[in-house]
Amino acid sequence: TGFDDMWREKSLAFIAHVTGQSYGILHDEAEVLETVDALGDVVGSAPYIETVVFLQQGSEVTPAAVRGVDPLREVKVSQVPGHMVDGTFLVDYDHAVIGRDLAMQLGILPGDKDLLYSAQMFQDSGEDVVYLPQEVIVSGLFELGMWDFDSRYILAHIDTARDLFHLEEGVHGIQVMTRDPLNVEPVTRAIATALGPVIVVR
């Protein structure tokens, strides 16, 4: 239907055609990406880390999700860079972009400095570990036209996400863009075969 087509188009602006997720931490992502890129009908792949955070602007705090990305590879698997409605798509260790609806909740504008608190900070792990918030400068706001993404997500550098998740290396998974989004099954099977059972491909 027309609604299904619209939903799919908007979803694919943020979610790649194929996702490969590790059961734990994927430590050899460079090798995995090289393997995937060599497959036919793959036009781009990128690593990601995803974690829950609390976003603070001044005295206001709200839960959000951070997706840590490699900005050079992200442009091959995401349409977010083409959906900036204010500011620019600048993602490095100090800069991040956020959904427009999320920004509106806290009155955030490009150029604002905000704090990201890992959810792990509020869990008693029993370990003598000090968790510090990450300060990021909001470089821009994106709008994909889907509330789930625009009201929830922050795209930050993958190294920023690693620090929030307290990872020295590795990623949670990879995203893959294919030539034909309406016929991803052959590519999905090829990726699953190439990578083996350590990664769930869907």
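**A loop residue, a helix pair and the chain around them**

D41 is located in the loop that connects α2 with β2 (42-57). In this predicted model, the residue is notable for its backbone: D41 is not a glycine, yet its phi is positive, at about 70 degrees. Most residues other than glycine have a negative phi. With a relative accessibility of 41%, D41 falls between the limits of 20% for buried and 50% for exposed, and therefore counts as partly exposed.

A second residue of this kind is H166. The loop between α6 and β9 (171-178) contains H166, and this residue follows helix α6. H166 is likewise not a glycine, and its positive phi is about 60 degrees. Because its relative accessibility is 42%, H166 is also classed as partly exposed. The helix before it, α6, spans residues 158-165, and its buried residues include I158, T160, A161, R162 and L164. An α-helix has 3.6 residues a turn, so residues three or four places apart point the same way.

The path now returns to α2, the helix that precedes the loop of D41. How does α2 pack against α7, in angle and in distance between axes? Two packed helices are described by exactly these two quantities. Helix α2 covers residues 29-37 and helix α7 covers residues 185-195; their axes lie 10 Å apart and form an angle of about 140 degrees. Roughly antiparallel would require an angle over 145 degrees, so α2 is oblique to α7. The crossing of α2 past α7 is right-handed.

Which residues form this contact? From α2 come V32, T35 and V36, and from α7 come I191, A194 and L195. By class, 5 of the contact residues are nonpolar and 1 is polar, while none is charged.

These elements belong to a protein chain with 7 helices and 10 strands. The chain has 202 residues, of which 47% are buried. What share of its contacts between residues at least 6 apart in sequence joins residues at least 24 apart? The share is 79%. As for the surface, the protein chain exposes about 10200 Å², and carbon and sulfur atoms contribute 52% of that area.

Taken together, the account links two partly exposed loop residues, D41 and H166, with the helices that come before them in their loops, α2 and α6. Of these helices, α2 has been followed to its oblique packing against α7, and α6 to its buried residues, among them R162.

How values were computed. Residues numbered from 1 in each chain as written. Predicted model: local features only at pLDDT ≥ 70, side-chain atom pairs only at ≥ 80, totals over all residues. Heavy atoms only, no water. Helix = DSSP H or I, 4+ residues; strand = E, 2+ residues; numbered from the N terminus. Buried < 20%, exposed > 50% of the residue type's maximum accessible area, 1.4 Å probe, protein only. Contact = heavy atoms within 4.5 Å. Areas by Shrake-Rupley, 256 points an atom, 1.4 Å probe, with all protein chains shown as cover. Axes fitted to C-alpha atoms, helices over the stretch in contact; angles between N-to-C directions. Parallel < 35°, antiparallel > 145°, perpendicular 65-115°, else oblique. Left-handed = near helix turned anticlockwise from the far one by under 90°. Nonpolar A, V, L, I, M, F, W, Y, C, P; charged D, E, K, R; others polar.
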